[in-house]
Amino acid sequence: MLIRKPADIEPSEITPKDVYLNRRQFMVTSAGGLLVAADAMAALTAKPGTPLKDEKTNSLKEATTYNNYYEFGVDKEDPAKHAGSLKTRPWSVVVEGEVAKPKTFSIEELLKFAPLEERIYRMRCVEGWSMVIPWIGFSLAALLKQVEPTGKGKYVAFETLNDPKQMPGVKYPILDWPYREGLRMDEAMHPLTILSVGMYGDVLPNQNGAPIRLVVPWKYGFKSIKSIVRIRVVEQQPKTSWNMAAPNEYGFYSNVNPKVDHPRWSQATERRIGEFSRRKTLLFNGYADQVAGLYGGMDLLKYF
Ligand code: MTE
């Protein structure tokens, strides 16, 4: 995000709904490595998801070729080119800290952990572009409840894998690796906050954060940390990668707010990938009716 590049994506190539459905059918009937996911995703067709009125879902191609994943390079096309080297099995996620029952979950356990749902979310990047993506995942609250946070647990900290053998980008000190993010406990427990294991009816592509990533749709995209290996419930507000790199540019909360500009990018409008004209950015990315209550009495200009 430190490097500005003109958005140079071709007009949208929308994947028709019947292709998603066929893909889901494939998931359910295929053999081998996808079977665990297939089991878990079988429930999906029964869930209506959360379609957005008058907003088209971006194409799978757009969502998988225009990415930020600095562990694989700083250009938008780098993650699609280089993230193939990420080994997503075996994979486990340590959940620890201020919890009564710390536990290491294998990815297989996580895929079966809770009913998977499709959530169609608007995603807004602080650089001024946005997409609408049909994620598949389960509520982070379900996982946290299982480990029983203690009364001291006020925040939740997340870490990405940090492996220079698989991730060429971590050899460069662009960020203080591993990539780190954090949420306040009530944000982490909010029903909109999910751990995603798939998108477009299929497992997550590596460049989008396989095998498991966070998705917090009312915050700028950088909060949605990819390829998570550690979740820690903590007492103090945790350090986060972009805030450590440039505290005047990236706050801890990072709620989408058209009135608080980034020093280099206005946040008043955004370009939906695949569209030509810009649209107005909405407070809390359009999810204010569901999340504004979390920030009652807080000065959002100070706590940006
Ligand atoms: N997670 C890790 N580990 N590394 C990253 O560089 N980039 C963030 C976020 N999660 C990033 C990350 C940023 S800036 C954005 S906008 C989103 O991932 C992009 O998610 P997407 O590529 O699936 O659209």
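A residue counts as near the ligand if one of its heavy atoms lies within 4 Å of it. The model shown in these views is predicted.

**View 1. Residues around the ligand in the predicted model.** The ligand is surrounded by 17 residues. Asn67, Tyr70, Glu71, Arg213 and Lys226 are the closest of them. By class, this shell comprises 8 nonpolar, 6 polar and 3 charged residues.

**View 2. Polar contacts of the ligand with Asn68, Ser224 and Lys226****.** Two of the contacts shown involve the protein backbone: a nitrogen atom of the ligand lies 3.2 Å from a backbone N or O atom of Asn68, and a polar backbone atom of Ser224 is 2.9 Å from a nitrogen atom of the ligand. Lys226 contributes through its side chain, an N or O atom of which is 2.7 Å from an oxygen atom of the ligand. On its own the ligand has 530 Å² of accessible area, and the protein covers 97% of this.

**View 3. The largest cavity, in which the ligand sits****.** The whole structure contains 2 cavities of 30 Å³ or more. The volume of the largest cavity is about 410 Å³. Its lining is formed by 25 residues, with Asn68, Arg213, Gly221, Ser224 and Lys226 closest to the centre.

**View 4. Strands in the lining of the largest cavity.** Strand S3 (117-124) and strand S4 (129-139) are the elements that give two or more residues to this lining. S4 provides the largest share, 4 residues. Divided by class, the lining of the largest cavity holds 15 nonpolar, 6 polar and 4 charged residues.

Note on methods
Residues are numbered from 1 along each chain as its sequence is written. This is a predicted model: local features need pLDDT of at least 70, side-chain atom pairs count only at pLDDT 80 or more; totals for chains, interfaces and linings use all residues. Side-chain values use heavy atoms; hydrogens and water are left out. A polar contact is a pair of N or O atoms within 3.5 Å; within protein, one must be able to donate a hydrogen and the other to accept it, and residues adjacent in sequence count only if both atoms are side-chain atoms. Accessible areas come from the Shrake-Rupley method with a 1.4 Å probe; for residues, only the protein chains shown count as cover. On a 1 Å grid over the protein atoms alone, a cavity is a set of points where a 1.4 Å probe fits but cannot get out, and a pocket is an open set with protein on both sides within 12 Å along at least five of seven lines; lining residues have an atom within 4 Å of a point. A molecule sits in a cavity or pocket if more than half of its atoms lie within 2 Å of its grid points. Ala, Val, Leu, Ile, Met, Phe, Trp, Tyr, Cys and Pro count as nonpolar, Asp, Glu, Lys and Arg as charged, and the others, Gly among them, as polar. Grid points are joined across faces, edges and corners, and a volume is the space filled by probe spheres set on the points.
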